[in-house]
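Got the viewer open and a selection box ready? Here's a walk through the model, one pick at a time.

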Amino acid sequence: MLKSIYVKLMLTIVLVTGISMTSKAELIRLLVKEDLASCTGVAPMTCMQVKYKNSKSWELFYGGINGFKYQPGYRYVILVDRTKKKNVPADASAYDYKLKKNLKKQKMKGNTGNSAWDFVLKHKWKLIQMNGTTQKESPVYMVFDKDKNRVHGSSACNTFMGGFEKTANSITFKQLAGTLMACDAARNKIEGEFLQLMNGGAFRYDVADQTLNLYRGNRLVLMFGMAPL
């Protein structure tokens, strides 16, 4: 009998707590700018720029919005649920944000029309996923030189360099060459797989949530995370 009363009491507490937590969510409208801006959190990074209902100018938006896939070059109008956190560290956002509805996505013209690629050129790109496998602390990275249409970086064991050709949504790497250092078996395996993919023809690419994604057909084969140059 006491056990049954205790279980009912606990269920009531959980239900009341859940209602209390969800009741704190506030629905807000955000205008999200088509380009990112440099900002400083724990370390230098880039942030979205947003306007709230009463904003007079663009404000830096630290953190992310669950369920929202941002693409540079597009301006968005979105509805989000904003929930205040408890016991927030000094260097963290005071709120959690979750996408409720994407009201509008508009491709911007003029000097922002190629902003996704301009964003790529401003950063070093470190490999974080290859053929569906997460690469933890990967030594592989690449950097693009817009003026010379060249790319260089590390293929895990060796440095590599070569050319590239880019269209609006595809990229092909050409005449890749590298140094010939000897490494351990693990790095040799990563390097072999990476270079085979890079030499395998054109990729479709996109930039979203501060990642550079390369696809073969509809399959994501290489994902790079943004890093400072």
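Start by selecting Asn 158, which sits in the loop between β10 (150-154) and β11 (159-166). Keep in mind as you look around that this is a predicted model. Is Asn 158 buried or exposed? Buried: its relative accessible area is 5%, and the cut-off for that label is under 20%. Now show its side chain and bring up Leu 180: a polar side-chain atom of Asn 158 lies 3.2 Å from the backbone nitrogen of Leu 180. To see the rest of its surroundings, skip everything within four places in sequence; what is left in contact with Asn 158 is Gly 153, Thr 179, Leu 180, Met 181 and Glu 191. Hang on to Glu 191 from that list, since the tour comes back to it.

**Next pick: the cysteines**

Select Cys 157 and Cys 183. They are joined by a disulfide, with S to S at 1.8 Å, and the structure holds 1 disulfide. Check the torsion about the S-S bond and you should get 85°, a right-handed link. What does this pair tie together? Distant parts of the chain: Cys 157 belongs to the loop between β10 and β11, Cys 183 to the loop between β12 (170-178) and α3 (185-198), and they are 26 residues apart. Colour by accessibility and the two ends get separate labels. Cys 157 counts as buried because its relative accessibility is 11%, while Cys 183, at 27%, counts as partly exposed.

**Along α3**

From Cys 183, carry on to Asp 184. At the start of α3, one of its side-chain oxygens comes to within 3.1 Å of the backbone nitrogen of Ala 186. Then select the whole of α3 and put a distance between its end C-alpha atoms: they are 20 Å apart, and 14 residues at 1.5 Å a residue should span 20 Å, so the two agree.

Which residues of α3 are buried? Pick Glu 191, Phe 194, Leu 197 and Met 198. Look down the axis and you'll find that these residues cover an arc of only 135°, so they lie on the same side of α3. The general rule is that an α-helix has 3.6 residues a turn, so residues three or four places apart point the same way. Glu 191 is also the residue of α3 you met as a contact of Asn 158. Now spin to the face turned away from the buried side, where the exposed residues Ala 185, Lys 189 and Gln 196 are carried.

**Over to Asn 213**

Select Asn 213, in strand β14 (residues 211-216). Asn 213 is another buried residue, with a relative accessible area of 4%. Show side chains here: Asn 213 and Asp 206 are joined by a polar contact of 2.8 Å, and the side chain of Thr 211 makes one with that of Asn 213 at 3.2 Å. Expand the selection past four places in sequence and Asn 213 touches Arg 204, Tyr 205, Asp 206, Ala 208, Leu 220, Leu 222 and Met 223.

**Two strand residues**

Tyr 141 is in strand β9 (residues 141-145) and is partly exposed, at 24% relative accessible area. Its contacts beyond four places in sequence include Trp 125, His 152, Gly 153 and Phe 160. For that last one, Tyr 141 to Phe 160 is 19 residues in sequence and 9.8 Å C-alpha to C-alpha.

Then jump to Leu 99 in strand β6 (residues 95-107), partly exposed as well at 23%. Leu 99 and Leu 79 are 20 residues apart in sequence, yet their C-alpha atoms are 6.3 Å apart. Among the other contacts of Leu 99 are Ile 65, Phe 68, Ile 78 and Val 80.

**Zoom out**

Show the whole chain: 3 helices and 15 strands, with 35% of the 229 residues counted as buried. Of the contacts with a separation of 6 or more, 51% are between residues 24 or more positions apart.

Last, colour by pLDDT. The mean is 84, and 82% of residues reach 70 or more. Where is confidence lowest? In helix α1 (residues 2-23), at a mean of 49, while β10 has the highest, at 97. Over residues 14-23 pLDDT is below 50, and that stretch has 1 contact in the model beyond near neighbours in sequence. Where pLDDT is low, the predicted coordinates should not be read in detail.

Note on methods: Residues numbered from 1 in each chain as written. Predicted model: local features only at pLDDT ≥ 70, side-chain atom pairs only at ≥ 80, totals over all residues. Heavy atoms only, no water. Helix = DSSP H or I, 4+ residues; strand = E, 2+ residues; numbered from the N terminus. Buried < 20%, exposed > 50% of the residue type's maximum accessible area, 1.4 Å probe, protein only. Polar contact = N/O pair within 3.5 Å; in protein donor to acceptor, adjacent residues only side chain to side chain. Contact = heavy atoms within 4.5 Å. Disulfide = S-S within 2.5 Å. Expected span 1.5 Å × (residues − 1). Arc of directions from axis to C-beta. pLDDT = per-residue confidence, 0-100.
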